[in-house]
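Trainee: I would like to learn how to read a structure like this one step by step. Could we go through it together, with the reasons spelled out as we go?

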Amino acid sequence: MTPETRDLPADSPGRAHRLTCLRYGSPGARPKVYLQAGLHADEMPGVLTLQHLAGLLDAAEAAGQVTGEILLVPLANPIGFAQWVQHKPQGRQDLESMQNFNRGYPDLAPRAGDALEGRLTGDADQNAALVRAALTEALAAERATTEVQALRLALMGWSHDADHVLDIHCDHHAVLHLYASPARPEVTDLLCRATGSALALVQEVSGGNAFDEAHTAPWAALRRRFPDHPLTSGPFSTTLELRGQFDVDDATAAGDAANLMVFLTAIGALAGQAAPAHGPGLHYPLGGALECFAPQGGVVSWQAAPGDMVAEGQVLGHVTHPMTRRRLPVTAPCAGLLFRLELWRSCLAGQGLAHVAGPEPGRDGHLLSD
Ligand SMILES: [Zn+2]
């Protein structure tokens with residue numbers, strides 16, 4: 001393993017943050033796999049899991065079993081990790097700009113597409129290499145004026161030409177689930193079966209330029225721009241949600257790391273035979289994940305739990321007004337899998353409280369939360 005560090009330019013005099021990437025295997029070997037955790041820096045399940053995974057990869061490398069190249073960024077967001085306000089971690093948004101750390105990644109397609117005009121061939125693999133090189137050049141042309149922008153570019157500098165990109169997050173209270181583009185459904189299925197993911201939320205473009213999509217959306221855009229030239233489906237990229245924010249313990253993380261080793265073996269980044277231990281997850285459109293909202297402010301009590309299959313209109317819990325004692329139900333907006341609940345047990349009227357994923361897309365436009 002070769003560690004590599006990258007210093008971010010300091011916005012504030014005297015304060016600087018450093019990124020670390022652990023590199024396994026031979027530079028340039030394929031498949032190239034990139035894993036990071038803690039981009040939302042208050043989400044620790046993935047950070048602990050990558051600690052366990054690093055130990056397993058150390059052993060695999062010592063045994064000569066790393067056949068691809070594996071890059072592991074154990075804490076993708078040291079800026080957010082340092083943000084605490086009133087004794088609570090605030091790792092989701094940059095406190096200066098209130099920008100979500102997982103939005104606003106550069107769209108490399110326009111510049112890469114311009115560079116590819118007249119250069120694509122009739123060979124899909126050759127075109128894939130040309131596209132990868134054009135994306136590298138487009139990324140190199142991006143300029144950062146803030147530390148957060150520099151963070152985005154530094155992470156993509158390691159990840160942008162990978163064959164598989166796993167950005168590991170977690171939800172509030174949730175079952176293991178993931179977000180992916182429709183580009184590589186066989187890998188989506190494999191990752192579900194390797195990790196035990198109950199649900200894959202699939203969408204080509206969700207809005208907001210999240211990290212995972214910054215790797216797949218340009219390939220889709222370039223396929224649309226150059227319809228007369230064959231092009232491979234490009235990389236697999238996902239946001240893997242390792243359950244909820246408090247699902248952080250060594251036994252769970254060790255199990256998740258072992259499951260990721262199964263995935264890495266199945267895609268050929270590690271030698272050996274892999275046997276995913278889980279059944280297939282549900283594959284639903286992201287637009288089919290509908291939110292329930294608080295009917296009033298008050299205290300939230302749930303009678304359903306993440307992982308429950310629910311019927312449309314089913315009572316999932318209640319919000320009780322503590323002064324009037326009025327108790328109103330929270331009902332399922334569609335039939336499907338209740339896959340997440342909000343962290344807090346108090347709410348204001350109109351706030352989102354939970355999501356149910358169903359098979360029919362019920363919304364479009366910007367599909368991700370802020
Ligand atoms: Zn997150």
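Mentor: Let us begin with strand S3, keeping in mind that this is a predicted model. Both faces of S3 are covered, since Lys32, Tyr34 and Gln36 on one side and Val33, Leu35 and Ala37 on the other are all buried.

Trainee: Why do the residues fall into two such groups, and how many of the six residues of strand S3 are buried?

Mentor: In a regular strand the side chains alternate between the two faces of the sheet, and so every second side chain points to the same face. In S3, Lys32, Tyr34 and Gln36 make up one side, while Val33, Leu35 and Ala37 make up the other. Strand S3, residues 32–37, is largely enclosed by the rest of the structure, because the number of its buried residues is six of the six.

Trainee: Which residue in S4 stands opposite Gln36?

Mentor: S3 is joined to strand S4, which covers residues 69–73, by five bridges, and these two strands run parallel. Within S4, the residue that stands opposite Gln36 is Val73.

Trainee: In the open sheet of nine strands, which strands stand at the edges?

Mentor: The order of the nine strands is S1-S2-S4-S3-S7-S11-S9-S10-S12, and their pairing is mixed. An edge strand has a single partner strand, so one side of it is left without a neighbour in the sheet, and this applies to strand S1 (2–7) and strand S12 (282–285).

Trainee: By how many degrees are neighbouring strands of this sheet turned against each other on average?

Mentor: The sheet in question is the open one with nine strands and mixed pairing. With direction ignored, its neighbouring strands are turned against each other, on average, by 20 degrees.

Trainee: What stands opposite Val202 in S12?

Mentor: Strand S10, residues 199–202, is joined to S12 by four bridges, and the two run parallel. Opposite Val202, in S12, stands Pro285.

Trainee: Now for the metal: which residues coordinate the zinc ion?

Mentor: The spacing of the donor residues in sequence is H-x2-E-x125-H, and the coordinating atoms lie at 2.0 to 2.4 Å from the zinc ion. Glu43 appears twice in the list of donors through OE, whereas each histidine uses ND1. The residues are therefore named from that list, with His40 buried at a relative accessible area of 3% and Glu43 buried at 6%. The coordinating residues are His40, Glu43 and His169.

Trainee: Is the site of the zinc ion tetrahedral or irregular?

Mentor: Four donors count as tetrahedral if all angles lie between 85 and 135 degrees. Here the angles among the four donor atoms are 55 to 144 degrees, and the site is irregular.

Trainee: Turning to the helices, are H1 and H8 oblique or parallel to each other?

Mentor: The axes of helix H1 (residues 45–62) and helix H8 (residues 250–266) come within 8 Å and cross at roughly 50 degrees. Their crossing is right-handed. With such an angle, H1 and H8 are therefore oblique to each other.

Trainee: At roughly how many degrees do the axes of H5 and H7 cross?

Mentor: Helix H5 covers residues 147–159 and helix H7 covers residues 211–225, and their axes come within 11 Å. H5 passes H7 in a right-handed crossing. The angle at which the axes cross is roughly 55 degrees.

Trainee: How many residues of strand S20 are buried?

Mentor: Strand S20, residues 352–357, is joined to strand S13 (residues 289–293) by five bridges in an antiparallel run, and Cys292 stands opposite Ala354 in S20. S18 is also joined to S20, by four bridges and again antiparallel, with His355 in S20 as the bridge partner of Arg340. S20 is mostly covered, and its buried residues number six of six.

Trainee: How far apart in space are Gly336 and Gly358?

Mentor: Gly336 is found in strand S18, residues 336–341, and is buried, with a relative accessible area of 4%. In sequence, Gly336 and Gly358 are 22 residues apart, while from C-alpha to C-alpha their distance in space is 4.4 Å.

Conventions: Residues are numbered from 1 along each chain as its sequence is written. This is a predicted model: local features need pLDDT of at least 70, side-chain atom pairs count only at pLDDT 80 or more; totals for chains, interfaces and linings use all residues. Side-chain values use heavy atoms; hydrogens and water are left out. Donors are N, O and S atoms within 2.8 Å of the metal (3.2 Å for Na, K and Ca); water is not among the atoms, so sites may look incomplete. Four donors count as tetrahedral if all angles lie between 85 and 135 degrees; four count as square planar and six as octahedral if opposite donors are over 155 degrees apart and all others between 65 and 115; anything else is irregular. Buried means under 20% relative accessible area, exposed over 50%, partly exposed in between (1.4 Å probe, protein chains only). Axes are lines fitted to C-alpha atoms, for helices over the stretch in contact, and angles run from 0 to 180 degrees between N-to-C directions. A crossing is left-handed if the near helix is turned anticlockwise from the far one by less than a right angle, and right-handed if clockwise. Angles under 35 degrees count as roughly parallel, over 145 as roughly antiparallel, 65 to 115 as roughly perpendicular and the rest as oblique. Two strands pair if DSSP finds at least two bridges between them.
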